[in-house]
Amino acid sequence: MIPDDTAIEARAQALYEQHSTDVAMRTDRMFGMLIVAEWVVGIYVALTFTPVSWNGHVASISPHVWVALVPGSALVIGALTTLLLRPGTRLSRHVIAVAQMGFGTLFIHLTGGRMETHFHIFGSLAFLAFYRDWPVLITGTVVALIDNVARGLICPDDTGALTALTTARVFEHAGWIWFEDIFLIASCVRGQTEMRAIARRMAQLEHASNLEALMEAAEESNRSKSEFLANMSHEIRTPMTAIQGYADLLMEPDTTESDRLEYVQTIRRNGEHLLRLINDILDLSKIEAGKMTVEHISCSPASVLVDVASLMRVRALDKALQFDVVYETDIPATIQSDPTRLRQIVVNLVGNAIKFTERGGIRIGVRCEQPDSANPRLRIAVADTGIGMTEEQIGVLFMAFSQADTSTTRRFGGTGLGLAICRKLAGLLGGEVTVQSTPGQGTSFFLDIATGPLDGVPMLSGYSEAGFQVEASPASDARHVDARVLLAEDGRDNQILITTHLRKAGAHVTMCENGRLAVQAALLASASGTPYDVILMDMQMPELDGYGATRMLRTQGYKGPIIALTAHAMAGDREKCLAAGCDDYLTKPIDRATLVEAILRWHTPARAEHAPPNALDADEDDEMAELRADFALRLPEIASELVTAMDAGDEVQVRHIAHQLKGAAGGYGYPALSTVAHRVEEAARHGHDVAAAARTLLKAIREAR
Amino acid sequence: MGRSLWIMALVCGWLGVVGIGFGAMVNWENTPGEQGSPPARWPKASRIARTGRATLVIAAHEHCPCTLATLREISKVLRQSPDADVDVWAVIDGSEPSEVADAAAEFPWLHVLRDRDAAELRLFDGLTSGEVSLYGADGALRYHGGVTGSRGREGANPGAAALLSAILKRDGPRAAPVYGCAIQGGA
């Protein structure tokens with residue numbers, strides 16, 4: 001039997017049993033009412049026909065009345081009890097059969113064997129056939145026959161049973177009952193057969209219906225996929241066509257210099273769009289395939305927001321938009337989430353806000369909701385004063401390849417996948433993205449994510465827009481990278497491209513062609529006391545790939561930052577690189593801004609020996625620079641005081657130093673130092689591990705100076 | 001004791017109660033009444049007038065509900081012997097209006113004698129309602145007993161068959177048990 005048939009048979013059996021139970025319960029209820037009525041009629045008949053028996057002039061209640069009252073009541077009670085406690089069961093119908101036939105017998109006795117009351121026996125058997133369970137008929141028949149035979153056994157002189165004269169009549173009575181039984185049993189068996197056939201037919205229809213539904217679902221899924229592919233093809237083809245077209249134009253011999261520049265810019269712009277689109281599609285595909293994994297690690301939401309603000313502020317300022325970040329409540333110093341995906345969502349929401357806002361500004365509101373509950377949440381609200389949307393536009397906003405309307409793509413660009421990805425990522429982070437909008441007035445997106453338990457997590461207060469202002473940095477493109485970089489890359493084009501990007505940014509680049517050479521170069525530089533500030537490690541190289549090289553360096557005790565370069569953007573790549581010992585992860589093709597941003601993340605000017613903590617603005621006044629220099633000179637002294645306090649176990653002094661440093665460092669342009677000092681103060685205030693926090697602060701001071 | 005055994009015990013108990021009750025009823029219905037010893041020849045002291053034909057005397061309790069079945073059975077016997085010359089008398093004790101007297105009035109072939117002082121019943125020694133005595137035209141007792149199968153139960157039975165045989169002067173039993181209320185006794 002094939003699995004489908006097995007399933008149909010199982011379903012048919014279930015339907016048959018359900019139908020049988022329904023029939024039995026319905027018939028139970030019918031007999032319940034009938035038996036109560038018969039009990040009442042029995043008492044009435046007994047009281048009417050034979051209320052008393054006489055012994056001379058002495059009357060006594062007739063045994064008929066007693067039987068109608070006592071065994072009659074027992075019949076009713078038995079039937080109703082099983083009917084109520086075990087309805088639809090074999091027990092209930094056999095008890096009911098006994099009760100029903102018992103009343104038939106009683107009526108015959110009460111009426112002195114009137115012919116009409118014998119019809120009750122035959123009628124009752126027919127009623128019992130409603131159960132479509134032939135053994136019930138046997139039970140009923142046995143009760144009727146017992147009455148017939150019992151009189152002969154109890155009173156052998158009686159004429160009703162075993163005397164020679166009436167034996168034939170006894171068999172005749174029984175014969176008529178069996179005669180009826182034969183037809184009723186045949187009817188029951190046929191009824192069961194038909195019920196089974198109906199159940200099987202219903203199971204087949206259900207199966208066919210399910211198959212149809214599954215087919216429809218599959219077709220719908222296929223249709224959706226086709227639409228998705230059609231959209232995707234269209235979205236990819238459009239920039240590709242532009243790239244090809246402008247590349248053709250470039251090859252024209254009579255192209256002027258200005259046209260050539262315009263063509264190259266167009267090709268570059270379309271290339272960037274294509275890259276974003278492919279990244280988005282990969283993300284969406286990974287999410288929909290369930291392959292997207294998110295981390296739940298301890299991370300600082302403030303750091304993520306500072307990072308986003310530093311990235312997006314420039315774009316907002318380019319459009320002369322106000323850009324505010326407001327902490328509406330205290331927020332946890334750390335939450336359990338995925339900082340990369342959180343950053344991706346917020347960047348997308350803020351990017352949209354900037355894109356669709358021409359006047360006014362962008363406001364990022366941050367608040368922690370229900371921090372003391374079992375399910376605390378972080379809400380990041382991105383509100384703009386842009387064009388806003390109608391209800392209809394909102395309805396399709398989170399659908400892939402859907403923007404508010406088709407003209408939006410032409411006017412504002414974008415892949416139409418960003419919000420779909422945001423919503424799905426938010427779901428993976430245990431939250432959601434919602435939106436409120438008024439056409440012409442603006443839009444607010446709300447990102448709510450789970451923070452994980454906040455027990456023992458310090459709550460940070462006093463963050464403000466000023467914090468962002470201090471930490472906000474110029475666009476990475478314009479940053480100066482004063483670092484020694486070792487580039488391990490075997491591809492000639494990428495060697496030239498990356499080296500050019502880095503040298504233009506001010507970095508000193510040493511290049512090698514495989515992992516083995518990279519290991520040798522890195523260890524040699526470290527041994528000579530001039531280690532590289534950052535290693536850019538291509539993960540696919542001949543001889544020794546990036547994974548092996550990184551593992552070898554870490555095994556040798558190499559501590560410097562290693563940033564992985566890979567052409568893959570599939571799920572798990574990042575984790576694989578980090579597992580090998582890399583500190584960060586970049587995907588090719590390498591964008592200059594991203595590259596610079598990543599290097600600065602691991603080698604900031606603040607850590608450079610001869611640079612201030614933040615890149616100095618060109619117009620910074622000399623007096624301020626002098627004050628900063630003085631503060632920098634005082635840092636060793638502060639470090640010494642901190643060491644003394646730590647050695648003495650003087651937590652009060654440690655807290656005092658941290659408090660002083662928190663205020664001063666922020667003012668002199670050392671926001672990171674200020675943040676670490678704040679943590680020491682908070683740790684002391686909440687009774688956490690002050691020594692560990694102080695050691696972190698000491699390290700930060702030494703790095704800062 | 002397991003749940004199934006409890007259920008089985010309850011069902012058995014229930015069947016026992018019902019069975020005992022019904023058994024007691026059947027036993028009561030089928031227990032014959034006491035029969036008297038009527039005189040072998042027609043008693044001259046009887047108030048029933050003889051017409052030169054056979055005479056069937058039915059002893060009846062004025063309230064016994066079982067007696068109606070006796071009258072109906074005799075009615076069937078008479079239908080089966082249309083040529084027989086038989087006078088049928090119901091001797092009903094008491095003189096007050098009663099269910100049995102009312103029912104007897106509905107049988108046109110039946111003569112009713114209300115036996116206020118039960119003298120006639122004593123003469124024929126009728127002890128149980130439904131007890132019949134058939135005397136031939138010659139005054140000899142030909143049948144004595146009941147004509148129903150059990151208390152108040154109609155239908156073919158040896159008593160009615162024996163009475164028919166006696167009326168038709170055929171061979172056969174001349175006695176059968178009688179089922180009904182005791183006419184004499186009690187207070």
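1. Both faces of strand β14(A) are covered in this predicted model. A:Val534, A:Leu536 and A:Asp538 lie on one side, and each is buried. A:Ile535 and A:Met537 lie on the other side, and they are buried as well. The strand spans residues 534–538 of chain A, and five of its five residues are buried. Note A:Asp538 in that list.

2. Now the strands that pair with β14(A). Strand β12 of chain A, residues 484–488, runs parallel to β14(A) and is joined to it by four bridges. Within that pairing, A:Ala488 has A:Met537 as its bridge partner. Strand β15 of chain A, residues 562–566, also pairs with β14(A) in the parallel sense, over four bridges. There, A:Ile535 stands opposite A:Ile562. Both A:Met537 and A:Ile535 are on the same list of buried residues for one side of β14(A).

3. What links β14(A) to β15(A)? Helix α16 of chain A, residues 546–555, is the middle part of a β-α-β unit with these two strands. The unit is right-handed.

4. Turn to the largest nonpolar core, which has 48 residues. Which members touch the most others? They are A:Leu305, A:Val346, A:Leu349, A:Val350, A:Ile362, A:Val382 and A:Leu447. Several elements of chain A give two or more residues to this core. The helices are α8 (301–318), α9 (339–355) and α12 (418–428). The strands are β4 (322–327), β7 (361–369), β8 (377–384) and β10 (442–450). Helix α8(A) supplies the largest share, nine residues.

5. A:Ile362 deserves a look of its own. Leaving out residues up to four places away in sequence, A:Ile362 touches A:Ala316, A:Leu321, A:Phe323, A:Val350, A:Ala353, A:Ile354, A:Thr357, A:Val382 and A:Asp384. Two of these contacts, A:Val350 and A:Val382, are also among the core members that touch the most others.

6. Chain B has an open sheet of six strands with mixed pairing. The order is β3-β2-β1-β4-β5-β6. Which strands stand at the edges? They are β3 (110–115) and β6 (175–176) of chain B. Each has a single partner strand, so one side of each is left without a neighbour in the sheet.

7. At the β6(B) edge, the partner is β5 of chain B, residues 141–145. The two strands pair in the parallel sense over two bridges. B:Gly145 has B:Ala176 as its bridge partner. Helix α5 of chain B, residues 158–167, packs on the sheet. This helix touches β1 (54–60), β2 (86–93), β4 (131–135), β5 and β6 of chain B. Its direction makes about 170° with that of β5(B).

Key: Residues are numbered from 1 along each chain as its sequence is written. Chains are lettered from A and ligands numbered from 1 in the order in which they are written. This is a predicted model: local features need pLDDT of at least 70, side-chain atom pairs count only at pLDDT 80 or more; totals for chains, interfaces and linings use all residues. A nonpolar core is a set of buried Ala, Val, Leu, Ile, Met, Phe, Trp, Tyr and Cys residues joined through C-beta atoms within 7 Å. A residue is buried if 20 or more other C-beta atoms lie within 10 Å of its own, exposed if 12 or fewer, and partly exposed in between; C-beta atoms are placed from the backbone. Two residues are in contact if their C-beta atoms, placed from the backbone, lie within 7 Å. Two strands pair if DSSP finds at least two bridges between them. Axes are lines fitted to C-alpha atoms, for helices over the stretch in contact, and angles run from 0 to 180 degrees between N-to-C directions. A crossover is right-handed if, with the strands pointing away from the viewer, the path from the first strand over the helix to the second runs clockwise.
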